[in-house]
Amino acid sequence: MADNENGLEPIVDGRGASILGPRNAALESQNPDGMIAPETDAGTVPNLKFSYAAAHNRVLSGGWAREITTRELPVATELAGVNMRLTPGGIRELHWHKEAEWSYVIAGSCRVSLLDELGRLFIDDVGPGDLWYFPAGLPHSIQALDEGVEFLLVFDDGAFSENETFLITDWFAHTPREVLALNFGAAGSAFDALPTDIDHTRYMFAGNVPPALADDAPPYPVGEPPQSYTWHMHAQEPTKAPGGQVRITDSRNFTVSERIAAALVEIEPGGMREMHWHPNADEWQYYLSGEGRMTVFASGGKARTFDYRAGDVGYVPFAMGHYIQNTGTETLTFLEMFRSDRFADVSLSQWMAALPPELVKEHLNLDDALIAGLPRTKSIVVGGS
Ligand code: MN
Ligand code: MN
């Protein structure tokens with residue numbers, strides 16, 4: 001690909017021509033495999049990329065939130081994601097919703113709580129690399145601690161919207177004063193100071209940093225739930241691979257996470273997440289660091305390549321083959337998310353290694369040594385420096 005003072009030009013191997021018309025060179029430079037696709041790409045494959053940099057951001061006194069849903073990335077019907085930041089003490093308003101919520105803490109720390117249907121309150125502090133999981137319908141809270149916090153939220157419905165949750169102030173605002181008085185056994189005047197924001201909701205707002213958890217914990221009416229709704233993903237021992245490593249978290253270790261499974265993948269420069277697919281669900285990706293590209297094999301002679309970097313979201317529809325190359329100079333780190341109780345993938349190499357060698361040879365005309373050398377275990381991440 002040619003590269004001149006105007007930016008990348010779609011010229012390669014004697015084909016193509018320079019761009020004469022208007023252009024967004026900065027965006028083009030981030031999508032070189034869209035400008036000139038590998039020659040093995042073919043056919044029409046839906047868009048499988050959207051960046052938080054291009055998402056609408058809702059900016060409020062307590063921080064900000066930007067979401068990628070089917071409205072931004074129409075193919076992503078199984079999962080939606082929200083990137084949220086809270087200032088020190090900042091509060092995501094008390095709320096609940098119809099979708100299960102999974103979260104990965106990117107930076108800083110926060111206190112989360114959840115009430116289960118038996119009236120038991122779970123409350124815990126989480127930091128970088130920690131997860132939480134809130135089952136659909138159960139009410140919860142999020143408040144940043146003294147350094148503030150930023151996290152990724154993932155919901156088990158691509159059409160979810162962070163702007164359509166059940167908010168406590170919203171319900172108060174839409175309930176007659178006499179009903180509130182009866183429900184809470186108080187005089188109507190007790191509700192004179194309810195928020196009167198223009199839309200009667202707080203959603204996200206500045207707050208005071210809470211004291212240490214031991215001093216902040218309320219008296220439990222029934223006790224704590226027997227299971228934990230938080231998990232230290234970074235404390236898991238990673239599975240080492242030739243070109244990187246992976247941590248897998250699903251309901252087999254983080255038992256409450258019955259609707260969301262995740263893998264945290266790290267690929268060293270020159271390495272590649274091996275050719276594979278998932279037999280149980282679509283894959284929703286969030287890129288945490290580095291630069292890479294993914295080619296998706298969509299059957300019927302179709303394949304398309306996309307470039308990703310930190311802050312981008314990728315998607316792979318159910319069963320489509322794919323691989324992800326680290327194209328940068330630092331570690332490529334990303335989350336693979338699935339709407340499932342378990343992580344599952346099929347390795348192309350492992351399948352070929354398990355079959356009778358003659359059967360593989362008759363398809364691909366590969367030599368005996370290559371077939372005999374195929375790994376019997378999943379490589380997960382191959383290559384590397
Ligand atoms: Mn929520
Ligand atoms: Mn995958």
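**Figure 1. The charged end of R202 sits over the ring of F205, 5.0 Å from the ring centre.** A charge is taken to sit over a ring if NZ of Lys or CZ of Arg is within 6 Å of the ring centre and within 35 degrees of the ring normal. R58 is also shown, with its charged end over the ring of Y203 at 3.9 Å from the centre. The model is predicted: local features need pLDDT of at least 70, side-chain atom pairs count only at pLDDT 80 or more, and totals for chains, interfaces and linings use all residues. Residues are numbered from 1 along each chain as its sequence is written, chains are lettered from A and ligands numbered from 1 in the order in which they are written, and side-chain values use heavy atoms, with hydrogens and water left out.

**Figure 2. H95, H97, E101 and H140 hold the manganese ion (ligand 1) as its protein donors.** Donors are N, O and S atoms within 2.8 Å of the metal (3.2 Å for Na, K and Ca); water is not among the atoms, so sites may look incomplete. Each histidine contributes NE2 and E101 contributes OE, at distances of 2.0 to 2.2 Å from the ion. Along the sequence, the donor residues of ligand 1 are spaced H-x1-H-x3-E-x38-H. H95 counts as buried because its relative accessibility is 2% (buried means under 20% relative accessible area, exposed over 50%, and partly exposed in between, with a 1.4 Å probe and protein chains only). H97 is likewise buried, with a relative accessible area of 2%.

**Figure 3. The manganese ion (ligand 2) is coordinated by H276, H278, E283 and H322.** The coordinating atoms are NE2 of H276, H278 and H322 together with OE of E283, at 2.1 to 2.2 Å. For ligand 2 the donor spacing along the chain reads H-x1-H-x4-E-x38-H. H276 is buried, as its relative accessibility is 2%. H278 is buried too, at 2% relative accessibility.

**Figure 4. Domain 2 and domain 3 meet in an interface that buries about 2,200 Å².** The protein chain is divided into domain 1 (2-36), domain 2 (54-231) and domain 3 (236-382), with bounds that come from an automatic or database domain assignment. Between the C-alpha centres of domain 2 and domain 3 the separation is 33 Å. Contact here means heavy atoms within 4.5 Å, and on that basis 27 residues of domain 2 touch 23 residues of domain 3. Carbon and sulfur atoms account for 74% of the area buried between these domains, where buried area is the accessible area (1.4 Å probe) that two parts lose on being put together, summed over both. On the side of domain 2, E78, Y133 and W231 lose the most area to domain 3, together 30% of what that side buries.

**Figure 5. Aromatic rings pair and cluster in this model.** Rings of Phe, Tyr and Trp (its six-membered ring) pair if their centres lie within 6.5 Å; planes under 30 degrees apart count as stacked, over 60 as edge-to-face and the rest as tilted. This rule gives 16 aromatic pairs. W231 and F254 are stacked, because their ring centres are 5.8 Å apart and their planes meet at 20°. W231 belongs to strand β16 (residues 230-232) and F254 to the loop between β18 (244-249) and β19 (261-267), so the pair ties together parts that are 23 residues apart in sequence. Helices (H or I, at least four residues) and strands (E, at least two) are DSSP runs, numbered from the N terminus. W231 is partly exposed at 24% relative accessibility, whereas F254 is buried at 1%. The pair of F306 and Y308 is tilted, with 6.4 Å from centre to centre and 35° between the planes. F306 and Y308 are both buried, and they form one aromatic cluster with Y287 and F334.

**Figure 6. L264, in strand β19, is a buried residue.** Its relative accessibility is 3%. The C-alpha atoms of L264 and L335 are separated by 4.6 Å, although these residues are 71 places apart along the chain. Leaving aside neighbours within four places in sequence, the contacts of L264 include Y104, M233, H234, L288 and F334.

**Figure 7. S299 has a positive phi of about 70° although it is not a glycine.** Most residues other than glycine have a negative phi. S299 is found in the loop between β22 (291-297) and β23 (303-309). With a relative accessible area of 42%, S299 is partly exposed. I380 also has a positive phi, of about 65°, without being a glycine. I380 lies in the loop between α8 (368-372) and β28 (381-383) and is buried, with a relative accessible area of 14%.
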